[in-house]
Amino acid sequence: MNTPHPVIAGISGRCPRCGEGRLFSGFLKFADTCESCGLDISAEDAGDGPAVFIILIVGFIVVPLALALELSMEPPLWLHVVLWLPLALGLCVALLRPFRGVMFTLQWHHSAREARLDEDAS
């Protein structure tokens, strides 16, 4: 069995081990196990990392566009709200699942775990 590339598996929402089973059981909830290979992913979590990246990316897209519109046409404030709020929300919702999947598959691929202090060390 060939392990799929973690970025491709994450974007497509597939299992990081086999690339066939679904990674998500809901829109953002990870499945408990892979339906194809049986990989237990119930304890895994991508945390808030994907949201941070998405906020930065969406801000990088929306803010310059809003600034360019403001400087070129000086529209009323309500027009900014009508244009940029749906665009920002739509981009955030569209990017959250793929980014969450990529973050998880990269963590799985590199065997990343939560940092712990070694209690036995002196």
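Start at C18. This cysteine is buried, with a relative accessible area of 11%. Keep in mind throughout that the model is predicted.

**Stop 1: the cysteines**

With C18 still selected, add C34. The sulfur of C34 is the nearest cysteine sulfur to that of C18, at 3.6 Å. C18 is in no disulfide.

Now select C15. Is C15 buried or exposed? Its relative accessibility is 2%, so C15 counts as buried. Draw a distance from its sulfur to that of C34. The value is 3.7 Å, and C34 holds the closest cysteine sulfur to C15. That is too far for a bond. The cut-off for a disulfide is a pair of cysteine sulfur atoms within 2.5 Å. How many disulfides does the structure hold? Zero.

**Stop 2: the helix pair**

Select residues 49-73, helix α2, and give them a colour. Then select residues 77-109, helix α3, and give them another. Two packed helices are described by the angle between their axes and the distance between the axes. For α2 and α3, the angle is about 155 degrees and the axes lie 8 Å apart. That makes α2 roughly antiparallel to α3, because an angle over 145 degrees counts as such. The crossing of α2 past α3 is right-handed.

Show side chains at the contact of α2 with α3. Which kinds of residue are there? The contact divides into 21 nonpolar residues, two polar and two charged.

**Stop 3: the annotated spans**

Select residues 51-71 and 77-96. An unreviewed UniProt entry annotates both spans as "transmembrane region". Take residues 51-71 on their own. This span is 100% helix and 0% strand. Its end C-alpha atoms are 29 Å apart.

Move to residues 77-96. Here too the chain is 100% helix and 0% strand. The end C-alpha atoms of residues 77-96 are 28 Å apart.

**Stop 4: the loop between the helices**

Select E74. Where does E74 lie? In the loop between α2 and α3. Check its backbone. Phi of E74 is positive, about 50 degrees, although the residue is not a glycine. Turn on the surface: E74 counts as exposed, at 61% relative accessibility.

**Stop 5: past α3**

Finish at S111, in the segment after α3. Its phi is near 55 degrees, a positive value in a residue other than glycine. Is S111 buried or exposed? At 51% relative accessibility, S111 counts as exposed. The cut-off for exposed is over 50%.

Conventions:
Residues are numbered from 1 along each chain as its sequence is written. This is a predicted model: local features need pLDDT of at least 70, side-chain atom pairs count only at pLDDT 80 or more; totals for chains, interfaces and linings use all residues. Side-chain values use heavy atoms; hydrogens and water are left out. Axes are lines fitted to C-alpha atoms, for helices over the stretch in contact, and angles run from 0 to 180 degrees between N-to-C directions. Helices (H or I, at least four residues) and strands (E, at least two) are DSSP runs, numbered from the N terminus. Angles under 35 degrees count as roughly parallel, over 145 as roughly antiparallel, 65 to 115 as roughly perpendicular and the rest as oblique. A crossing is left-handed if the near helix is turned anticlockwise from the far one by less than a right angle, and right-handed if clockwise. Ala, Val, Leu, Ile, Met, Phe, Trp, Tyr, Cys and Pro count as nonpolar, Asp, Glu, Lys and Arg as charged, and the others, Gly among them, as polar. UniProt positions are given in the numbering used here, feature names are shortened, and annotations may be inferred rather than shown by experiment. Buried means under 20% relative accessible area, exposed over 50%, partly exposed in between (1.4 Å probe, protein chains only).
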